[in-house]
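Trainee: I would like to go through this model with you before the group meeting. May I ask my questions as they come up?

Mentor: Please do; the sequence and the structure are shown below.

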Amino acid sequence: MFRGISHITVDPKGRLAVPAKHRDALTQAANGQIIITVDHTDKCLLIYPMDQWLKLEKTLMSLPNVNPSVRHMQRLLLGHAAEVELDAQGRVLLPAPLREYAAIDKHVVLVGQATKFELWDADAWDKARDSWLLGAQQSPEATAILSQVLL
């Protein structure tokens, strides 16, 4: 399970060092092989260990692509999917088109989401997080959900 938030710097070549606490799990689960693709709702990237990606890919391809929404999702997730591998120093090279999509330059935030990660430009993450916090504070529905989950 991938949990927590890590602030990371992307080097000038577009590489990011995966935090040590996640490196071993990625190596054990998927031999260091990961898939990076776009998020369809936010300007961030999704990072999956290969074993989790294969499950998602199988499910996605089993959906009826005569449905335009399914076809669009397949195009976005599969079409942008880049297979990368952790190098000996635990770094991954973020492909330029994916960095451009998520406006990733130097400072990023890696957000654990149980079976995958989200990778955000640090400024975009701060703005989105602040917006979500404000929305949650003003939403009776969010309060009800948290009450159910946290009790």
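Trainee: What percentages of helix and strand does the chain have over residues 81-124, and how far apart are the end C-alpha atoms?

Mentor: This is a predicted model. Over residues 81-124 the chain is 20% helix and 41% strand, and the C-alpha atoms at the two ends are 22 Å apart.

Trainee: And what are the values over residues 5-52?

Mentor: There the chain is 29% helix and 40% strand, with 20 Å between the end C-alpha atoms.

Trainee: Which feature does UniProt place at these two stretches?

Mentor: The UniProt entry, which is unreviewed, gives "domain: SpoVT-AbrB" at residues 5-52 and 81-124.

Trainee: Now the whole chain. How many helices and strands are there?

Mentor: The protein chain has six helices and eight strands. Read from the N terminus, the order is β-β-α-β-β-α-α-β-β-α-β-β-α-α.

Trainee: What does the radius of gyration say about the overall form?

Mentor: The radius of gyration is 16 Å, which agrees with the value near 15 Å that a compact globule of 151 residues would have. Along its principal axes, the C-alpha trace spans about 45 × 40 × 30 Å.

Trainee: What share of the residues is buried?

Mentor: Buried residues account for 36% of the 151. As for the surface, the chain exposes about 9000 Å², and 55% of that area comes from carbon and sulfur atoms.

Trainee: What share of the contacts links residues 24 or more positions apart?

Mentor: Counting contacts with a separation of 6 or more, 58% are between residues 24 or more positions apart.

Trainee: A change of topic: how many charged side chains are there of each sign?

Mentor: There are 16 positive and 17 negative side chains, and the centres of the two sets lie 2 Å apart.

Trainee: Let us turn to single residues. Where is Ala81?

Mentor: Ala81 lies in the loop that runs between helix H3 (68-79) and strand S5 (82-85). Ala81 counts as partly exposed because its relative accessibility is 29%, which falls between the 20% and 50% limits.

Trainee: Which residues does Ala81 touch, leaving out those up to four places away in sequence?

Mentor: Ala81 touches Ile35, Ile36, Thr37 and Trp53. The C-alpha atom of Ala81 is also 9.5 Å from that of Ile47, a residue 34 positions away along the chain.

Trainee: You mentioned Thr37. Is Thr37 buried or exposed?

Mentor: Thr37 is buried, because its relative accessibility is 0%. Thr37 sits in strand S3.

Trainee: What is Thr37 in contact with, apart from its neighbours within four places in sequence?

Mentor: Thr37 is in contact with Leu45, Leu46, Tyr48, Trp53, Leu76, Leu77, His80, Ala81 and Leu98. The C-alpha atoms of Thr37 and Pro95 are separated by 9.7 Å, with these positions 58 residues apart along the chain.

Trainee: And Val70: where is its place, and why does it count as buried?

Mentor: Val70 is in helix H3. Val70 counts as buried because its relative accessibility is 12%, and the limit is under 20%. Beyond the residues up to four places away in sequence, Val70 touches Leu63, Pro64 and Asn65. Its C-alpha atom is 20 Å from that of Cys44, 26 residues away along the chain.

Trainee: One last topic, the backbone. What is the phi of Asn31?

Mentor: The phi of Asn31 is near 50 degrees, a positive value in a residue that is not glycine. Most residues other than glycine have a negative phi. Asn31 is in the loop between helix H1 (20-30) and strand S3 (33-38), and with a relative accessible area of 61% Asn31 is exposed.

Trainee: What about the phi of Ala114?

Mentor: Ala114, also not a glycine, has a positive phi of about 70 degrees. Ala114 lies in the loop between strand S7 (107-112) and strand S8 (117-121), and its relative accessible area of 30% makes Ala114 partly exposed.

Methods:
Residues numbered from 1 in each chain as written. Predicted model: local features only at pLDDT ≥ 70, side-chain atom pairs only at ≥ 80, totals over all residues. Heavy atoms only, no water. Helix = DSSP H or I, 4+ residues; strand = E, 2+ residues; numbered from the N terminus. Rg over C-alpha atoms; globule rule 2.2 N^0.38 Å. Buried < 20%, exposed > 50% of the residue type's maximum accessible area, 1.4 Å probe, protein only. Contact = heavy atoms within 4.5 Å. Areas by Shrake-Rupley, 256 points an atom, 1.4 Å probe, with all protein chains shown as cover. Lys, Arg positive; Asp, Glu negative; His and termini not counted. Charge placed at Lys NZ, Arg CZ, Asp CG, Glu CD. UniProt positions renumbered as here; feature names shortened; annotations may be inferred.
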